[in-house]
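Reader: I am new to structural terms and would like to learn how such labels are justified. Could you take me through a few of them with care?

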Amino acid sequence: MSDHSSAIKKTHAPLSPSRPGLAWGLLGVAAFSFTVPLTRVAVEGMSPLFIGSGRAVIAAVLAATALAITRQHLPRGIQWSRLVVVAGGVVVGFPLLTSFALTTASASHGAVVIALLPAATAVMAVIRGKERPPLPFWIMAAIGALVAVAFASVQGGGIVRLRWSDLLLFGAVAAAAIGYAEGGLLAREIGSWQTVSWALILASPLMITLTTIAILDQPPTGTPTQWAAFAYLGVVSMFLGFFAWYRGLAIGPMTQVSQVQLTQPVLSILWAAVILREQLTWQTIIGGIAVILCAGIAVRIRLNRTPPPCSIQHPTNEPAWVEVPPSTARP
């Protein structure tokens, strides 16, 4: 069958050269960098259950509208079970766990654990996507994670003994890493915004139920600022940000694109200083530069070692293709 047929699509190779993937990834990280400080703003006036579930309901309404207007075809077969994994990680797990954690943890402290997300995503990309980055990449990724954690810890007042909020944040990191890796792969088949949209639709019955319970238990009475923060979490953090992030992961390689997220704790702490008036010192500037340098070196190592997207071939020297139903061939 011709490679121009709508029934043929590459599914497990990066979609195009990795530099565009980095640009899309950075755009997604910029959107996500407001999530922690704005969640901290919102939980001052609303219950964490309402914030974690309600933001997903808002995003699900937007997703349903976008899917209906563009007349997207339904996912097929195993894609539904993979969407369940994505929904469990980034629609249910990460928002709920971070919302409950940030009722007691500061935005800066939340960045301590979330700084581990790039390394966790790289590990999941290796396990799920069978990517094989070189050893120097892993060394720089590990150094970057340690620097990010040390930087955020100093900014947050130092590492203390493990608390319940820390366990919730660790769970959020694990959930997000799994959802990112699976979503990045699935985005190569059904599209980036389609992936997050279908995941939101799948999770909507549960999230609507939880939102209803939260409203009945504790009616939200936030200030205009807190409602604005909640709106951002629903529209951008839960929906629009994933357009860029999953596009970047789909272009890949995911192990490389995931490292740009090392800059997220730096940005989050900067926004926390501006929005929440948390202290910003010269250590932030030095630590931020160090984190960004580590991310840049890791990306550069992976970029120089990345093979062309179509270099994986069958013994016949034909590019490796995977047949998928015509309905999944939309961009």
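The exchange below asks how some labels for this structure are reached.

Author: Before we begin, please note that this is a predicted model, in which local features need pLDDT of at least 70 and side-chain atom pairs count only at pLDDT 80 or more, while totals for chains, interfaces and linings use all residues. Residues are numbered from 1 along each chain as its sequence is written, and side-chain values use heavy atoms, with hydrogens and water left out.

Reader: What makes the contact between Arg-40 and Glu-44 a salt bridge?

Author: A salt bridge is a side-chain nitrogen of Lys or Arg within 4 Å of a carboxyl oxygen of Asp or Glu. For Arg-40 and Glu-44 the N to O distance is 2.7 Å, so the pair fits that definition. The structure holds 3 salt bridges.

Reader: Why is Arg-40 called buried, and why is Glu-44 called exposed?

Author: Buried means under 20% relative accessible area, exposed means over 50%, and partly exposed lies in between, with a 1.4 Å probe and protein chains only. Arg-40 has a relative accessible area of 17%, and is therefore buried, whereas Glu-44, with 54%, is exposed.

Reader: How do you know that Arg-82 forms a salt bridge with Glu-182?

Author: The closest N and O atoms of Arg-82 and Glu-182 are 2.7 Å apart. This pair links distant parts of the chain, with Arg-82 in helix 4 (residues 78-101) and Glu-182 in helix 8 (residues 164-190), 100 residues apart; helices here are DSSP runs of H or I with at least four residues, numbered from the N terminus.

Reader: What makes Arg-82, Glu-182 and Glu-189 one network?

Author: Glu-189 also forms a salt bridge with Arg-82, the closest N and O atoms being 2.8 Å apart. Salt bridges that share partners join Arg-82, Glu-182 and Glu-189 into one network.

Reader: Why are Arg-82, Glu-182 and Glu-189 called buried?

Author: Arg-82 has a relative accessible area of 8% and is therefore buried. Glu-182, at 7%, is buried as well, and so is Glu-189, at 5%.

Reader: Why is Leu-116 called partly exposed?

Author: Leu-116 has a relative accessible area of 30%, so the label is partly exposed. Leu-116 lies in the loop between helix 5 (107-114) and helix 6 (117-129).

Methods. Helices (H or I, at least four residues) and strands (E, at least two) are DSSP runs, numbered from the N terminus.
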